[in-house]
Amino acid sequence: MTLSIVAVVLGLAVLVWSADRFVEGAAAVARHLGMAPLVIGMVIIGFGTSAPEMVVSALASMQGNPALALGNAYGSNITNIALVLGITALLAPIAVKSVVIRREMPVLIAITLLSAVFLLDYQITRLEAVLLLVVFLGYMGWSVWIGSKSSDDSLAAEYTQEIDSHPLPMKPAIIWLIVGLLLLIVSSRALVWGAVNIAVSLGVSDLVIGLTVVAIGTSLPELASAIAATRKNEHDLALGNVIGSNMFNTLAVVGIAGAIEPVSLEPLVLSRDWVAMAILTLLLMVFSIRKARQGRINRVHGLIFICLYLLYTLYLLKTGFIAPQ
């Protein structure tokens, strides 16, 4: 048990550090190749901040723990909105100016509703997983198109400022890209191994561990980037990273995990976890675009998010810490 806890703690620490290096290297390489800043932000950085969830979920499915993979994806979405944006908004209200973000919010709602359709029979088959990946590719193409057409958007300006503040020559950028990816894989293996052992020792399901410990850990890059962006008054960037990450998690992370190993679900995944994710996503859209021109996630909204996260966690403790028979 002690060794498993050490593996989880060290795995998470290396995971967060390597994800940051991976994102920095990938963004710099893309910049050297002439990609538009908004495309880099929406695609490269969005992909990078979800890299921990992708690698952890893929390895979990390969090792026969697809429920851990699903819990990681949905738990990360819940954590990103309720905890990451909740804490960030308490520190400094998040102003929403970007037209791109206002366009993305309904897309995120639609993707969340689509995921419920696949959960109705309490399983995600390989065909459904492939369909999720097809939608993901469509979203990627849409992101590239939007990024190339919206160079004057406030989000584009913030991504430009962020990317230019971390200049890297091509060679170091490639090195960080490779090193970050390798460490992501190694740390994820340690994390999955430790998490599964802890679940067995405590007599709980892999799903619960994925929704709690693993989800919080893999959401740390989003928390760090959101706080840093808000302190620089890059509010749209902070929100954009969370929205992009949640889209990647719902489509790519679940899709990759299900394509590797079909997922059989506990009924509570739909009635508890998906409902929590959907409510938080809907509230995020209401708070973000509630005014004609500009929304604002203020401290009251941040407190609401955190309170909802605590309520969800308490309900999870009450209903989830019993291993399924």
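**Entry 1: R272 and its partner**

I looked up R272 in this predicted model and found that R272 is buried, because its relative accessible area is 3% and the cut-off for buried is under 20%. I then asked myself which side chain R272 meets in a salt bridge. The partner is D273, with 2.7 Å from N to O. D273 is buried too, with a relative accessible area of 0%. A reminder to myself: side chains of opposite charge can pair when their charged atoms come close. I also noted the count for the model, which comes to 1 salt bridge.

**Entry 2: How far to trust the model**

Next I checked the confidence values. The mean pLDDT of the protein chain is 83, and 91% of the residues reach 70 or more. Which element has the lowest mean pLDDT, and which the highest? Helix α7 (residues 154-164) has the lowest, at 69, while helix α12 (residues 268-288) has the highest, at 92. I wrote myself a friendly warning here: where pLDDT is low, the predicted coordinates should not be read in detail.

**Entry 3: Helix α4**

I moved on to helix α4, which runs over residues 66-91. At 1.5 Å a residue, its 26 residues should span 38 Å. I found the end C-alpha atoms 36 Å apart, which agrees. Where does α4 bend? I found the bend at N80, and it is about 35°. I also looked at how covered the helix is: 22 of the 26 residues of α4 are buried.

One residue of α4 that I followed up is L68. L68 is buried, because its relative accessible area is 1%. What caught my eye is its distance to G210: the two are 142 residues apart in sequence, but 4.7 Å apart in space, C-alpha to C-alpha.

**Entry 4: Helix α9**

G210 took me to helix α9, where G210 is one of the buried residues. Helix α9 (residues 206-218) has 13 residues, and a straight helix would reach 18 Å at 1.5 Å a residue. How far apart are the end C-alpha atoms of α9? They are only 16 Å apart, so I noted that α9 falls short of the straight-helix value. I also found a kink of about 30° in α9, centred on T212. As for cover, 11 of the 13 residues in α9 are buried. Among them are D206, L207, T212 and T218.

**Entry 5: Helix α11**

Helix α11 covers residues 235-260. Its 26 residues should span 38 Å at 1.5 Å a residue, and the end C-alpha atoms are 37 Å apart, which agrees. The bend in α11 is about 35°, at N249. I noted that α11 is mostly covered, with 23 of its 26 residues buried.

**Entry 6: Two distances across the chain**

I picked E24, which is found in helix α1 (residues 2-32). Is E24 buried or exposed? The answer lies between the two: at 23% relative accessibility, E24 counts as partly exposed. From E24 to N246 the C-alpha atoms are 20 Å apart, and the two residues are separated by 222 residues along the chain.

My second pick was A95 in strand β1 (residues 94-96). A95 is buried, with a relative accessible area of 6%. Its C-alpha atom is 28 Å from that of W17, and the two residues are 78 residues apart along the chain.

**Entry 7: A loop residue, Y122**

I looked up Y122 in the loop between α5 (99-119) and β2 (123-124). Y122 has a positive phi of about 60°, although Y122 is not a glycine. Y122 is partly exposed, with a relative accessible area of 37%.

**Entry 8: A nonpolar patch**

Last, I went to the surface. Which residues make the nonpolar surface patch of about 460 Å²? They are L33, M170, I174, I178 and L182. I178 is found in helix α8 (residues 170-202). I178 is partly exposed, with a relative accessible area of 48%. I added a helix reminder beside this entry: an α-helix has 3.6 residues a turn, so residues three or four places apart point the same way.

How values were computed: Residues numbered from 1 in each chain as written. Predicted model: local features only at pLDDT ≥ 70, side-chain atom pairs only at ≥ 80, totals over all residues. Heavy atoms only, no water. Helix = DSSP H or I, 4+ residues; strand = E, 2+ residues; numbered from the N terminus. Bend = angle between axes of the 7 residues up to and from the residue. Buried < 20%, exposed > 50% of the residue type's maximum accessible area, 1.4 Å probe, protein only. Patch = residues over 30% accessible without salt bridge, like charges linked within 9 Å, V, L, I, M, F, W, Y side chains within 5 Å. Areas by Shrake-Rupley, 256 points an atom, 1.4 Å probe, with all protein chains shown as cover. Salt bridge = Lys/Arg side-chain N within 4 Å of Asp/Glu carboxyl O. pLDDT = per-residue confidence, 0-100.
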